[in-house]
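Reader: Could you take me through one helix of this model in detail, covering its geometry, its buried side and its packing against its neighbours?

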Amino acid sequence: TRLRTQAIRRSTRYLTEILRKERRPDDPYEVHPSDHDIFLVMQTRLDVANESVQSLPSWCAPAVKPGTGAMTPTILSRRIAELCARRGLPVMAASSFGLDQIVLLDYVNMHDARHHLRVSGADIPRSFLSPVASCIRQVLTELAGG
């Protein structure tokens with residue numbers, strides 16, 4: 001278990017590094033590592049709606065309002081996972097950790113009303129990580145109209 005957890009942490013740190021290196025100034029996301037290195041979080045600037053945004057206090061000033069034509073959460077995760085699957089990469093969209101696959105989950109944070117993508121690392125060969133990061137960036141920029 002210890003060795004597997006170490007492998008997950010290594011892959012998450014490497015994914016964080018790659019995503020930051022590949023990011024261009026106008027890309028619609030920021031990469032935020034976690035202290036535990038089990039997953040990283042990307043804050044996006046995509047227009048994503050969530051029913052919980054309506055119940056936020058007014059001081060939160062939600063950037064996304066339901067009914068505005070915004071896409072719904074999980075579309076980003078599923079599109080990235082589909083692109084990765086077509087390229088033979090071990091990635092899935094799910095709400096949990098995959099251990100032997102990178103797991104993606106996007107959501108609107110109920111505290112700040114901003115869209116996030118959680119990328120959970122996996123115990124997989126390092127050679128998969130750069131292509132996965134490229135797929136993540138590609139879909140994010142495509143959905144942002146880039």
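**A close look at helix H2**

Author: In this predicted model, helix H2 is followed by Gly88, whose phi is positive, near 75°. The helix itself comprises 12 residues, 75-86, and because each residue should add 1.5 Å, a span of 16 Å is expected, which agrees with the 17 Å that separates its end C-alpha atoms. Leu76, Ser77, Ile80, Ala81, Leu83 and Cys84 are the buried residues of H2; seen down the helix axis, they fall within an arc of 160°, so they line one face of the helix. The cover over these buried residues includes four strands, E2 (39-44), E3 (91-93), E4 (102-108) and E5 (115-120), together with helix H3 (129-143).

The packing against H3 can be described further. The axes of H2 and H3 come within 9 Å and cross at roughly 135°, an angle that makes H2 oblique to H3, because it lies outside the range of 65 to 115 degrees and is not over 145. On the H2 side the contact is made by Leu76, Arg79, Ile80, Leu83 and Cys84, while H3 contributes Val132, Cys135, Ile136, Gln138, Val139, Leu140 and Leu143. The crossing in which H2 passes H3 is right-handed.

H3 also packs against helix H1 (residues 2-22), their axes coming within 9 Å and crossing at roughly 50°, and H1 and H3 are therefore oblique to each other. H1, too, passes H3 in a right-handed crossing, where residues of H1 including Tyr14, Leu15 and Ile18 meet residues of H3, among them Val132 and Ile136.

Methods
Residues are numbered from 1 along each chain as its sequence is written. This is a predicted model: local features need pLDDT of at least 70, side-chain atom pairs count only at pLDDT 80 or more; totals for chains, interfaces and linings use all residues. Side-chain values use heavy atoms; hydrogens and water are left out. Helices (H or I, at least four residues) and strands (E, at least two) are DSSP runs, numbered from the N terminus. The expected span of a helix is 1.5 Å times one less than its number of residues. Buried means under 20% relative accessible area, exposed over 50%, partly exposed in between (1.4 Å probe, protein chains only). The arc is that of the directions from the helix axis to the C-beta atoms. Contact means heavy atoms within 4.5 Å. Axes are lines fitted to C-alpha atoms, for helices over the stretch in contact, and angles run from 0 to 180 degrees between N-to-C directions. Angles under 35 degrees count as roughly parallel, over 145 as roughly antiparallel, 65 to 115 as roughly perpendicular and the rest as oblique. A crossing is left-handed if the near helix is turned anticlockwise from the far one by less than a right angle, and right-handed if clockwise.
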